[in-house]
Amino acid sequence: MGGLKQEVEDVYAASGRTRYCYSSKDKQQERAMAMGAEEDGGRLEMGELIPGLPDDVAMECLARVPSRSHRRMRRVCRGWRGAVGSPEFRWRRRAAGAAEDVVFLVQTAPPAGGDGKGSTPPECALAAANLTTGEWRRVKGPVPLFAQCAAAGDGRHVAVVGGWDPDTLRPTSDVRVLDVPAGTWRRGRPMPDSRSFFGCSGGGGGDGCVYVAGGHDVSKNALRSAFAYAVAADAWRALPGMAEERDEPQLVAAHGGGVIAASGYPTEAQGAFKRTAERYVGAAAGGGAWTDEGDFVPDAAETCLASVRGNVWAVGAGRGGVREWDGAARAWREVADGPPGVEKCVKAVGVGEGAAVFVFGTVADGAAEGSKYSAWVMEAGGDPWKRVPVPSGFGGFVYSAAAVLI
């Protein structure tokens with residue numbers, strides 16, 4: 001096992017880690033080098049996870065290994081493969097403070113062979129930003145233009161849904177599911193229809209479903225229909241239709257289960273985003289209904305919604321830009337100012353299982369900053385914003401975001 005075993009021992013002996021990484025480039029490089037040790041090809045025989053150690057102690061050791069090495073760990077032996085894929089492994093990582101926050105972004109990327117000046121059609125890719133280690137990487141595999149992504153809420157799966165076929169520029173109903181710890185993809189059952197610019201989100205309460213609502217059909221008609229995809233069962237079911245057509249809505253997990261579909265616009269009002277919202281409840285029972293939330297979204301065209309601390313946050317730029325929805329008072333409560341220097345928030349998502357919010361936005365003075373976009377994290381207590389360095393090559397527009405605690 002060689003280098004990988006030494007990595008396990010070194011990590012087990014190390015002290016606690018910082019939850020989110022905002023360190024200098026040098027420290028990030030040191031951390032990446034420490035995690036990049038190569039195994040020598042040795043294999044453990046079936047039996048003890050680590051010879052000479054009780055399995056519970058061995059599991060504590062394995063649980064502290066950085067996620068970058070999990071794929072290699074799974075190749076060591078069947079025992080390690082089963083351990084790394086187990087719920088106990090994920091539980092022990094959380095208990096030990098070793099879990100890592102990873103944000104997945106469906107993001108524009110420079111087209112292969114393109115000149116970057118618009119002479120070739122744009123391409124999308126799935127980026128993985130590890131907020132704990134500071135590492136950004138591209139996830140291998142094709143991603144349709146304008147696809148949506150959502151975390152299933154089971155702690156390990158992210159679904160990439162729909163989008164446009166890059167060759168035909170027509171909507172696709174494709175579904176691809178990423179097993180994050182294993183680093184493997186599988187084809188999911190296609191959506192019941194092909195639609196564009198729909199809302200997509202995991203459900204509140206970790207129900208293991210990905211929800212799709214609204215958008216428009218191939219004739220540009222705004223839609224009321226909605227579906228739920230059970231990731232484990234690989235099955236779709238139709239939900240009751242929403243009361244209003246919602247093209248380009250925002251979908252966000254609702255406290256206690258289900259989702260909130262907010263904003264969007266009807267067919268005859270292209271681009272005129274409404275402030276209303278509807279909440280879907282009864283997800284676990286398989287039935288349920290949409291209920292009217294009234295005027296819900298502040299600054300409908302300028303606000304990103306995210307599920308943080310079990311509540312809905314509205315994240316925008318400027319003074320008082322971050323607000324939390326008080327369901328009892330049916331009003332927004334100011335939490336903090338928007339991210340420093342951000343002109344407009346493009347996408348926001350709750351991270352750390354709702355303990356913080358990640359924001360990707362446009363920079364007010366992109367020429368001076370050297371990049372058009374920047375990324376920030378703020379913990380749910382309203383602590384000061386911390387900037388997340390965005391490496392070169394990851395500065396494209398973000399269409400969708402999902403977060404997993406690994």
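Helices and strands here are DSSP runs, numbered from the N terminus. Keep in mind that the whole model is predicted.

**Figure 1. Val357 sits in strand β21.** The strand covers residues 356-363. Is Val357 buried or exposed? With a relative accessibility of 0%, Val357 counts as buried. Just look at the company around this valine: leaving out residues up to four places away in sequence, Val357 touches Ala306, Val308, Trp313, Val315, Ala348, Val349, Gly350, Val351, Trp376, Val377, Met378 and Trp385. Take Val377, one of those partners: Val357 and Val377 are 20 residues apart along the chain, and their C-alpha atoms are separated by 5.6 Å.

**Figure 2. Helix α3 packs against helix α6.** Two packed helices are described by the angle between their axes and the distance between the axes. For α3 (residues 55-63) and α6 (residues 87-95), the angle is about 65° and the axes are 9 Å apart. That makes α3 roughly perpendicular to α6. The crossing of α3 past α6 is right-handed. Which residues do the meeting? On the α3 side you'll find Asp56, Met59, Glu60, Leu62 and Ala63, and on the α6 side Glu88, Phe89, Arg92 and Arg93.

**Figure 3. Arg81 belongs to helix α5.** This helix runs over residues 78-84. Arg81 counts as partly exposed, because its relative accessibility is 46%. Setting aside residues up to four places away in sequence, Arg81 touches Met73 and Arg74. His70 is eleven residues from Arg81 in sequence, and the two are 9.0 Å apart in space, C-alpha to C-alpha.

**Figure 4. Cys200 and Cys149, with no bond between them.** A disulfide is a covalent bond between the sulfur atoms of two cysteines. How many disulfides does the structure hold? Zero. Why no bond for Cys200? The closest cysteine sulfur, in Cys149, is 7.4 Å from the sulfur of Cys200, so the gap is too far for a bond; the cut-off for a disulfide is within 2.5 Å. Cys200 is also buried, at a relative accessible area of 10%. Another cysteine, Cys209, counts as buried too, with 10% relative accessibility.

**Figure 5. How confident is the predictor along the chain?** The average pLDDT of the chain is 83, and 83% of the residues score at least 70. Residues 1-17 have a pLDDT below 50, and this stretch has 42 contacts in the model beyond near neighbours in sequence. Residues 23-46 are also below 50, with 42 contacts beyond near neighbours in sequence. Where pLDDT is low, the predicted coordinates should not be read in detail.

Notes. Residues are numbered from 1 along each chain as its sequence is written. This is a predicted model: local features need pLDDT of at least 70, side-chain atom pairs count only at pLDDT 80 or more; totals for chains, interfaces and linings use all residues. Side-chain values use heavy atoms; hydrogens and water are left out. pLDDT is the predictor's confidence in each residue, from 0 to 100. Contact means heavy atoms within 4.5 Å. Buried means under 20% relative accessible area, exposed over 50%, partly exposed in between (1.4 Å probe, protein chains only). Axes are lines fitted to C-alpha atoms, for helices over the stretch in contact, and angles run from 0 to 180 degrees between N-to-C directions. Helices (H or I, at least four residues) and strands (E, at least two) are DSSP runs, numbered from the N terminus. Angles under 35 degrees count as roughly parallel, over 145 as roughly antiparallel, 65 to 115 as roughly perpendicular and the rest as oblique. A crossing is left-handed if the near helix is turned anticlockwise from the far one by less than a right angle, and right-handed if clockwise.
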